[in-house]
Amino acid sequence: MHAFKYHRPSSVNDAAALAKGEAKLLAGGQTLVQTMKLRLASPSDIIDLGTIKDLAGIKSDGKTVTIGAMTRHADVAHSADVKKAIPALAALAGMIGDRQVRTMGTLGGSLANNDPAADYPAAVLALNATITTNKGKHEADKFFKGMFETALKPGEIITSIAFPVPKRAAYTKFKNPASRFAMVGVFVADFGTGGKDAVRVAVTGAGPVVFRQAEMEKALAAKFAPESVANIKVKQDGLNTDLHASAEYRAHLVTVMAKRAVEAALK
Amino acid sequence: MNAPLIGARIERKEDYRFLTGAGQYTDDVELPRQSYAAFVRSPHAHAVIKKISIEKAKASSGVLAIYTGEDFAAAKLGGLPCGWLITDVNGQPMKEPPHPCLAQGKVRYVGDHVAIVVAETSEQARDAAELVAVDYEVLPAVVDGSKARAKGAPQLHDIAPDNTCYVWAIGDKAACDAAFAKAAHVTKLDFINNRLIPNAIEPRSANGSYSRADDSYTLYVASQNPHVERLLMTAFVMGLPEHKVRVVSRDVGGGFGSKIYLYAEDVAVTWASKQVNRPVKWTSDRSEAFLSDAHGRDHHTVAELALDKDGKFLAMRVKTTANVGAYLSTFASCVPTILYATLLAGQYKTPVIHCEVTAVFTNTTPVDAYRGAGRPEATYVVERLVETAARELKLDPAEIRRRNFITEFPYQTPVALLYDIGDYNATMDAAQKLADVAGFSKRKEESAKKGKLRGLGYAAYIEACGIAPSAVAGALGARAGLFEAGEVRVHPTGSVTVFTGSHSHGQGHETTFAQVVADRLGMPIENVDIVHGDTSKILFGMGTYGSRSIAVGGTAIVKALDKVIAKGKKIAAHLMEAAETDVEYDRGVYTVKGTDKKKMFGEVAFAAYVPHNYPHDKLEPGLNENAFYDPLNFTFPAGTYVCEVEVDPETGVVKIEKFTAVDDFGKIINPMIVEGQVHGGLTQGIGQALTEGCQYDATGQLLTGSFMDYSIPRATDVPFYQVDTRETPCTHNPLGVKGCGEAGAIGAPAALMNAITDALGVKDMPMPATPQTVWQTLKNKKAA
Amino acid sequence: MAVKVSLKVNGKSISAEVEERTLLVTLIRENLRLTGTHVGCDTAQCGACTVSMNGKAVKSCSMLAMQAEGADVMTIEGVAKPDGTLHPMQAAFKEHHGLQCGFCTPGMVMNAIDFAKSHANPSEQEIREALEGNLCRCTGYHNIVKAIGAGAKAMAAGK
């Protein structure tokens, strides 16, 4: 690890003031610390968000579940409120990394990093969540810009995420055999409202950035059943090819995972 | 008298320290004034080093010294030697290109060593290593062993034209070809035995120090064989007398072969410690381990089996290209030859076998022995061929094996080995029963109802353990003896310390060996301690690999024990005023035939150290004996594995539903430990077949360079195993033991791939059978 | 630059001057010389470095020492009773031969103890999933899974 200067701000404003130039925000650190250890990232400054009060916590009012940016994956996975309102979100949190990583890793960190194979972006996008920062709000559809790229501006810090409660939802994940990140993960959410955006299908791991699958959404809006998506052939253009999965295989898995997610949502 | 200890499931003596964090692994050793090393490694697979600039790095904070290949050459440090000379088909010695510790003029694989940086802290050493500027002229690389001899392929070493280390053969080619010509059926397979990266969870570590006071060196190192490490380093590389070098390897966190070898880092830190006059410590991080620990396997093989119309094997013909990587690692040359082709008879009476092996250099990490070493590759050849032949001839795969099993012993194979004993039907019977093979078709139907594909596969493996005897090994090219040493030191009040040249890096010798000793001496196991891993304490040792510890190291201890007991008999005879010939010994008690006179072993030991009443005219005081044991033959563990899988055709995911292993390891000392060895071996074998595939790109960059891309099995990848044993005691060692460390890794890949190909209904598919590969195989099948 | 970090380790308050880039595992191994916590990888996969922080299992190689400021950390050295008696989970690993080379063992035990707190009678599948972040190259997990099952029951019985 290269040397850096460490900061422990006590407020989001103080943190934002420090977040300049080559400085990096440290949330749970489960990605950042690894990257620094491997000397692949060399921030000048590390701004530890770990001691800022009020960045962690879960609130649920029946319509919306609001989760603080520094809430750990394990806390989301085990939250009675989340399990009750959006069990698929709790389940997804319980599938991230491993149990030790989930103890440290945070929702805000995951979203700000926007790893193309991360799990949370699929939930945020499929549930049409709103991302609140120290500077304003972001709609999910406009937040994930590209590989490791988000709508966040320098000095902008995620404070919380509000997830609308769907009628039913599920997330299925096909794990990369080595890293256990999502090789393909599909989050299906049915808001039961009919019309546009009644059903949202978000795919992670398959492309350079999480994306919605419009054809599936349309088919599921018409009829929320596994057979609605089972025969949809996903185009492999633009999907990732790597050691573990070709674009063709990933495209195939998107359909299989979507079908299984719908099955799970109906259970 | 205590209950017998041989065959008892005794909890391990070593566990308390490991469970409480008190283990002493090499990286746990901290020496006064210790400094830290980092290595500058080649980022290119093949390049000429035009210039190395160290000025900037030298000025970096905390740096004590930086050495490059030029410094090593000036110091006249030799290269890393290869311990086995293979003679090729033309009677010529294999090509042994220089293997410098730090590159001389050229780098030949990504991770090759360019410079060592020594600094006050580990991070400072790494900071400075980044500042060493190396000007490379990048050359084209060859990565794939099958392409290494192609016309125009980049050449690695001047002395090895066509990148060829040797072309070697065994068996009667003319007789083999004749048998094929008249065969009713020929089964042929063309496959790759995938390259593996060992990944013991403890990364390698070395901590060298030098004492000006007595001009001596001490190297703490994670090694499976400290004496061999010392021998190679002193005699071949550093030109030092052995008594001036102490090698210590206490607790080692797994080896699997990868810690047998003398590595450049070990030499470099030892040499550097004298230059900087401080201890120099280096611990590999995992990324370095992927690049610099010797890899395993990497064969491309075309194999054929000739059969008559009844499925009787007539002949086997095998042609293998073995990729040995950029340089010859310590035992690289014997793995794809002596440890491979000699095993091609398997458990069968195949009368004629011919095998030709071409070893080639490529711009990849050196390849050497990895758990099983040659024998998994051989078993894969034999057992994939046999299973495929059964399918082609529409014979039951167990039946075709039974028709060809060797049933009479001793049995001389056509590929040099002499099997002393075995009962292959016994392990097959037991495995079939335990695996409930009879119920398979019903389970297959049930899977089909769920849209899943179920398959079953066998592997009836054999292995040769405890490479021996030295004279034979020497005739085959070994440049070292293959014996083992043991010493039994009885203390005055009767407790015992045993020094063994074997090395435990997880095998549990502190318990197993103590069971043997305590049983023979009739004392509680707590009274026996086993010491290993320190050249200053142990008289000599060849170390642990090839499942040799109990068969060779254990026997050496027994031989020393025999001497202790024999001396004790003389002392006892004196104490009991009886003729020595009248004294009998049984597990700790000396008695006089036909009388009620007896002396306990402890009393005899006491008399030896407090020799007031002692036969001084015939004996020296004390009770301390050692023995060297050079076995008469290999041992031949064998067994049958049955694997049952369920494949999800939609995703390509393979689930191992049942894995049954019935092994014949001869006599078993501690069944609990043996089962653990089998579980671990099976899992590594499953890893090869299911998850682990080392991959390079065409330029020689390692694509699977971390656990993010290289997948060793996790707990969710494997089932509970069903294991059992059958016993035909080895005929040529006193314990009747054969060895059990590698069996699982040897038999599992073939069993698993036989099961998967059965499930998919295909003749063959590549390892590892990752979800994508399985899915693609099914897709190709549908398209065909 | 050196910074000060203060925390509790195995019940004892400690303070150390460390470089800012110091990992928690480095603090534990090198500054405190508690070498039972191991480092087996550099990508947060092997779990050999697992320690308990404020009662929960974390990977000490994936944290800066500074992130543990004020925390209550327990390492494998703090698990057995002061008189040396093994914790029920340690005893279960011994009884079931859940370790071979011992290198992954401290991490396994630390994770297992945390897991067992919320799983008094875990299923095989639950245990295997709980080991997602712990690699073992020796045992094939068979006996580790058995040991954790038995250890969890023993812990529950001892409450």
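Student: How many cavities of 30 Å³ or more does a search of the whole structure find?

Tutor: Happy to help! Keep in mind that this is a predicted model. With 30 Å³ or more as the cut-off, the search of the whole structure gives a count of 10 cavities.

Student: Which elements of chain B give two or more residues to the lining of the largest cavity?

Tutor: Let's start with the space itself, which is about 710 Å³ in the largest cavity. Its lining has 47 residues, and B:Gln507, B:Thr544, B:Ser547, B:Arg548 and B:Gly741 lie nearest the centre. The elements of chain B that give two or more residues to this lining are helix H14 (509-521), helix H15 (549-575) and helix H17 (671-691).

Student: How many charged residues are in the lining of the second largest cavity?

Tutor: This cavity holds about 120 Å³ of space. Its lining has 15 residues, with B:Leu80, B:His99, B:Tyr263, B:Ser329 and B:Pro366 closest to the centre. Sorted by class, 10 are nonpolar and five are polar, and the number of charged residues is zero: there are no charged residues.

Student: Are H14(B) and H15(B) roughly parallel or roughly antiparallel?

Tutor: Good one to reason through! The two helices pack with their axes 11 Å apart and at an angle of about 30°. Angles under 35 degrees count as roughly parallel. Therefore H14(B) and H15(B) are roughly parallel.

Student: How many nonpolar residues are in the contact of H14(B) with H15(B)?

Tutor: On the H14(B) side, the residues include B:Phe513 and B:Val516, and H15(B) brings residues including B:Ile557 and B:Leu561. By class, the contact has two charged and four polar residues, and the nonpolar ones number nine.

How values were computed: Residues numbered from 1 in each chain as written. Chains lettered and ligands numbered in written order. Predicted model: local features only at pLDDT ≥ 70, side-chain atom pairs only at ≥ 80, totals over all residues. Heavy atoms only, no water. 1 Å grid on protein atoms, 1.4 Å probe; cavity = no way out; pocket = protein on both sides within 12 Å on 5 of 7 lines; lining within 4 Å. Points joined across faces, edges and corners; volume = space filled by probe spheres on them. Helix = DSSP H or I, 4+ residues; strand = E, 2+ residues; numbered from the N terminus. Nonpolar A, V, L, I, M, F, W, Y, C, P; charged D, E, K, R; others polar. Axes fitted to C-alpha atoms, helices over the stretch in contact; angles between N-to-C directions. Parallel < 35°, antiparallel > 145°, perpendicular 65-115°, else oblique. Contact = heavy atoms within 4.5 Å.
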